[in-house]
Amino acid sequence: MADYYPPLGFYYKVEFGISQVSNDVRFQSVSGLTVEYDYESFKEGGENRFEHKLPVRTKYADMVLKRGMLTDSGVIDWLLNAFRDRVFEPASVNVILMNEKGEPLRTWKVAQAIPKKWQIGDFNANESAVVIETIELTYRYFTVQT
């Protein structure tokens, strides 16, 4: 019997189809790879013990990425195009979980991502902390490749 150890969640990279800058793959955290169904309830005449619940549509959560602020970034240029110039160019985003050898274990392919929010962390003269930028994206769906 072989022992199985689940993969660790700290070795990953995030690839944006709109950027070739090598630092744009490094993020401190990624969240929001979530999918769920909306359900509609239907009552059956004479059946009072339960309601039928039928799946209607799929919903995907917004994706949130955090990293130390970059001064040279294709992703930042993409965000500025959206927030400053109101040019929304959908981008593909791949979140790749890797093993200890740097080989992909699983890839989440996010389709048609567009910027929703961009937040720069607080500046504080009393702390010597890295400036963190938070990028929130909305997207259509994701697929999973093993």
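This report covers the overall build of one chain and the setting of one of its residues, Thr 107.

The model is predicted: local features need pLDDT of at least 70, side-chain atom pairs count only at pLDDT 80 or more, and totals for chains, interfaces and linings use all residues. Residues are numbered from 1 along each chain as its sequence is written, and side-chain values use heavy atoms, without hydrogens and water.

**The chain**

One helix and nine strands make up the elements of the chain. Helices (H or I, at least four residues) and strands (E, at least two) are DSSP runs, numbered from the N terminus. Their order from the N terminus is β-β-β-β-β-α-β-β-β-β. The chain is more spread out than a compact globule, because its radius of gyration is 20 Å, well over the 15 Å that the globule rule gives for 146 residues. That radius is taken over C-alpha atoms, and the rule is 2.2 Å times the number of residues to the power 0.38.

| Property of the chain | Value |
|---|---|
| C-alpha trace along principal axes | about 65 × 55 × 35 Å |
| Residues that count as buried | 27% of 146 residues |
| Exposed area | about 10400 Å² |
| Share of exposed area from carbon and sulfur atoms | 49% |

Areas come from the Shrake-Rupley method with a 1.4 Å probe; for residues, only the protein chains shown count as cover.

**Thr 107**

Thr 107 sits in strand β7 (residues 104-120). Thr 107 is buried, at a relative accessible area of 12%; buried means under 20%. Leaving aside neighbours within four places in sequence, Thr 107 contacts Asn 94, Val 95, Ile 96, Thr 143, Val 144 and Gln 145. Contact means heavy atoms within 4.5 Å.

Conventions. Buried means under 20% relative accessible area, exposed over 50%, partly exposed in between (1.4 Å probe, protein chains only).
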